[in-house]
Amino acid sequence: MLAIVAASLLLGSGVGAAASLGITSTNLTTYTIVAAVPLSTCTLTPSADSYVDQATLQQNTNFGGVTPVQVESSQTLALVSTNKRSFVMFNLSSCSIPAAAAVQTATLSVFLSQAPTQNRTWNINRVTAAWTENVITWANQPTSASSTSVTTGTTSNVTLQATVTSNVQSFVSGSLTNNGWRFADSVEDSATARNGQFRSREFGTVAQRPTLVVNYYP
Amino acid sequence: MRLFTLCLAVAVGLPCSLAAASALQGASSGLVGNGSSPVTACDTDGLTVTYTTSGGNVTSVAVGGIAVACNGASLRVTVIDSSRTSVASGGPVTVSGTSQTVSVSPNPAGATAAGVDVSIAGP
């Protein structure tokens, strides 16, 4: 028994305090309980998503009910830009994450149903103004701020993931407003069209819709 | 938030029962492990712990599964990190019933806590 107490002392348990009080092992109970604090997790599908098209005749067209959504770098032979950008937003309030929570990871995933024919870098920018799914167009698209990026590869039917932990922590705490993210090619106006598409929230297979997975300590 | 408690046999090989889920927000729980050899004067079948967090930090530890024989004893907890270094402590509190919640100070980040040393002296 004494050996056990000594071992516990080395491990820094409460035995040391007890011993200093003159308490012996005959009336002492000690346990070391190995237990991490489990993370709370919230998984969301978008509350809104859409894409916008820069082509002259499409700049005022809304694609809010469409699946898939698209990201494209392109221009016409006349050097007129015809890029496409996508927008996604998640209703974080449905997670009921406390404002003071510590967000450990936040991962944004999209299912790439059609990869570009060339590997592209898509910027995933935090949107800085409000928008709505059935109103947004190229002409009225909101502004955005740099956040992160993802490389597409050239393989279709894969999931792309981006870390947006910092953004989500700010959304939860209220220091930034959650207007979702914008996907855009990092080098727009490609002479050869580089188009990629990912499933939207309207897609029938739930598992292929965009997701935002937030792990946090309340 | 869904809460759960896992419980494993302690080093002495005795079974322990599942603890009731807590309704406390930010609470979490863990399993009884064998990080050190237990001393079992008043409780022989192991303990469970449930963390309560606020702002991502551990604010208290609820110790469950305390044997009735421990009533009246003095209970202390030490929250440890993965290297078994103390990061917070709480108590002493007098055991009353089969579970006891102890506030800890300071309040370590949830990601830091890897376990709890529980010491029950007496009765």
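The following exercises, each with a worked solution, concern a predicted two-chain model.

Residues are numbered from 1 along each chain as its sequence is written, while chains are lettered from A and ligands numbered from 1 in the order in which they are written. In this predicted model, local features need pLDDT of at least 70 and side-chain atom pairs count only at pLDDT 80 or more, whereas totals for chains, interfaces and linings use all residues.

**Exercise 1. Determine the confidence of the complex and of chain B.**

Step 1. The predictor assigns the complex an ipTM of 0.73 and a pTM of 0.80.
Step 2. For chain B the mean pLDDT (the predictor's confidence in each residue, from 0 to 100) is 76, and 70% of the residues reach 70 or more.
Step 3. Resolved by element, the lowest mean in chain B, 44, belongs to strand β1 (residues 27-29), and the highest, 98, to strand β4 (residues 57-64). Strands (E, at least two residues) and helices (H or I, at least four) are DSSP runs numbered from the N terminus.
Step 4. Residues 1-35 of chain B have pLDDT below 50, yet beyond near neighbours in sequence this stretch has 91 contacts in the model. A contact requires C-beta atoms, placed from the backbone, to lie within 7 Å.

**Exercise 2. State the secondary structure content and the buried share of each chain.**

Step 1. Chain A contains 3 helices and 12 strands; chain B has 0 helices and 8 strands.
Step 2. A residue is buried if 20 or more other C-beta atoms lie within 10 Å of its own, exposed if 12 or fewer, and partly exposed in between, with C-beta atoms placed from the backbone.
Step 3. Of the 218 residues of chain A, 45% are buried; for the 123 residues of chain B the share is 51%.
Step 4. Among contacts between residues at least 6 apart in sequence, 78% in chain A join residues at least 24 apart.

**Exercise 3. Give the strand order of the open sheet of 5 strands and identify its edges.**

Step 1. The order is β2(B)-β1(A)-β8(B)-β5(B)-β6(B), with antiparallel pairing. Pairing requires at least two bridges found by DSSP.
Step 2. The edge strands, each paired on one side only, are β2 (39-40) and β6 (86-94) of chain B.
Step 3. Strand β1 (residues 28-34) of chain A joins β2(B) over 2 bridges, and Thr30(A) has Val39(B) as its bridge partner there.

**Exercise 4. Locate the largest nonpolar core relative to the domains of chain A.**

Step 1. A nonpolar core is a set of buried Ala, Val, Leu, Ile, Met, Phe, Trp, Tyr and Cys residues joined through C-beta atoms within 7 Å.
Step 2. The largest core has 70 residues, and those touching the most other members include Val49(B), Val79(B) and Val116(B). Strand β6(A) gives the most to this core, with 7 residues.
Step 3. Because domain 1 (1-35) and domain 2 (40-217) of chain A both contribute residues, the core lies between them. The domain bounds come from an automatic or database assignment.
Step 4. Apart from neighbours within four places in sequence, the contacts of Val116(B) include Ile33(A), Ala35(A) and Val61(B).

**Exercise 5. Is Thr45(A) buried, partly exposed or exposed?**

Step 1. Thr45(A) sits in the loop between β2 (40-44) and β3 (48-53) of chain A.
Step 2. Thr45(A) has 17 C-beta neighbours inside 10 Å and therefore counts as partly exposed.
Step 3. Beyond neighbours within four places in sequence, Thr45(A) is in contact with Arg201(A), Arg209(A), Pro210(A) and Thr211(A).

Conventions: Two residues are in contact if their C-beta atoms, placed from the backbone, lie within 7 Å.
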